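Biologist: I would like a close look at a single part of this model, explained slowly enough for a first-year student. Please choose one strand, describe its surroundings, and explain each term as it comes up.

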Amino acid sequence: QVQVAESGGGLVQSGDSLMLSCTVSVRTYTFSRSNLGWFRQTAGKDREFVAAIARNSNTDYADSVKGRFTISRENGKNTVYLYMNNLKPEDTAVYYCAADTGAILTSPPETRTHAYEYWGQGTQVTVSS
């Protein structure tokens, strides 16, 4: 069974930085050929796209985080990161990591929730004002 595990959430102040990590329990070969993404959700709202990185390392970001967040991957460690800078109260949410192991070489970054096969349980990020 594939497991996805996020870590790094916490309580920070507006303007602070935070790094989230996510590990996926698959073969390194499989991880390196996966599309990966970060999504977030608050109570009463739909899960929304935050950032994605494709198998070929191309990236995409939601307009609300562009210029502040950076997604990266380290294939040898089965890990994807989300570097969050200049955090704002509106960034407060549960952040979820997702993986699609069926990506082809030319797949673009995947921004759609339904395209992902595996999801983590989420990690809470709270930004105080």
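Modeller: What follows begins with one strand and then turns to its partners and to the side chains around them.

This is a predicted model, in which local features need pLDDT of at least 70 and side-chain atom pairs count only at pLDDT 80 or more, while totals for chains, interfaces and linings use all residues. Residues are numbered from 1 along each chain as its sequence is written, and side-chain values use heavy atoms, with hydrogens and water left out.

The strand I have chosen is β9, residues 93-100; strands here are DSSP runs of E, at least two residues long, numbered from the N terminus. Seven of its eight residues are buried, so β9 is largely enclosed by the rest of the structure. Buried means under 20% relative accessible area, exposed means over 50%, and partly exposed lies in between, with a 1.4 Å probe and protein chains only.

Next come the partners of β9, where two strands are said to pair if DSSP finds at least two bridges between them. Strand β4 (residues 35-41) runs antiparallel to β9 and is joined to it by seven bridges, with Q41 standing opposite V94. Strand β11 (residues 123-128) also pairs with β9 in the antiparallel sense, over three bridges, and here the bridge partner of V94 is Q124. Strand β10 (residues 118-119) is antiparallel to β9 as well, joined by two bridges, and its Y118 is the bridge partner of A99.

The side chains continue this picture. A nonpolar core is a set of buried Ala, Val, Leu, Ile, Met, Phe, Trp, Tyr and Cys residues joined through side-chain atoms within 4.5 Å. The largest such core has 33 residues, of which W38, L82, M84 and Y95 touch the most other members. Among the elements that give two or more residues to this core are β4, β9 and β11, together with β5 (48-53) and β8 (79-84). If contact means heavy atoms within 4.5 Å, then Y95 touches residues including W38, F39, R40, L82, M84 and V125, where residues up to four places away in sequence are not counted.

R40, one of the residues that Y95 touches, brings us to charge. A salt bridge is a side-chain nitrogen of Lys or Arg within 4 Å of a carboxyl oxygen of Asp or Glu, and a search of the whole structure finds six of them. In one of these, the side chains of R40 and D91 meet at 3.0 Å, N to O. Because R40 lies in strand β4 and D91 in the loop between β8 and β9, this pair ties together parts that are 51 residues apart in sequence. R40 counts as buried at 5% relative accessibility, and D91 is buried too, at 1%. D91 also forms a salt bridge with R68, the closest N and O atoms being 2.8 Å apart; R68 lies in the loop between β6 (59-61) and β7, 23 residues from D91.

F39, another residue that Y95 touches, leads to the aromatic rings. A pair of aromatic rings is described by the distance of the centres and the angle of the planes. Rings of Phe, Tyr and Trp (its six-membered ring) pair if their centres lie within 6.5 Å, and planes under 30 degrees apart count as stacked, over 60 as edge-to-face and the rest as tilted. There are five aromatic pairs in the structure. In one, the centres of F39 and F49 are 5.8 Å apart with planes at 70 degrees, so the pair is edge-to-face. F39 sits in strand β4 and F49 in strand β5, ten residues apart, and both are buried. The rings of F39 and W119 have centres 5.1 Å apart and planes at 55 degrees, so this pair is tilted. Since W119 belongs to strand β10, the pair ties together parts that are 80 residues apart in sequence. W119 counts as partly exposed, at 25% relative accessibility, whereas F39 is buried at 0%. F39, F49, Y116 and W119 form one aromatic cluster.

Finally, R47 lies over the face of W119, at 5.0 Å from the ring centre; a charge sits over a ring if NZ of Lys or CZ of Arg is within 6 Å of the ring centre and within 35 degrees of the ring normal.

Notes. Helix = DSSP H or I, 4+ residues; strand = E, 2+ residues; numbered from the N terminus.
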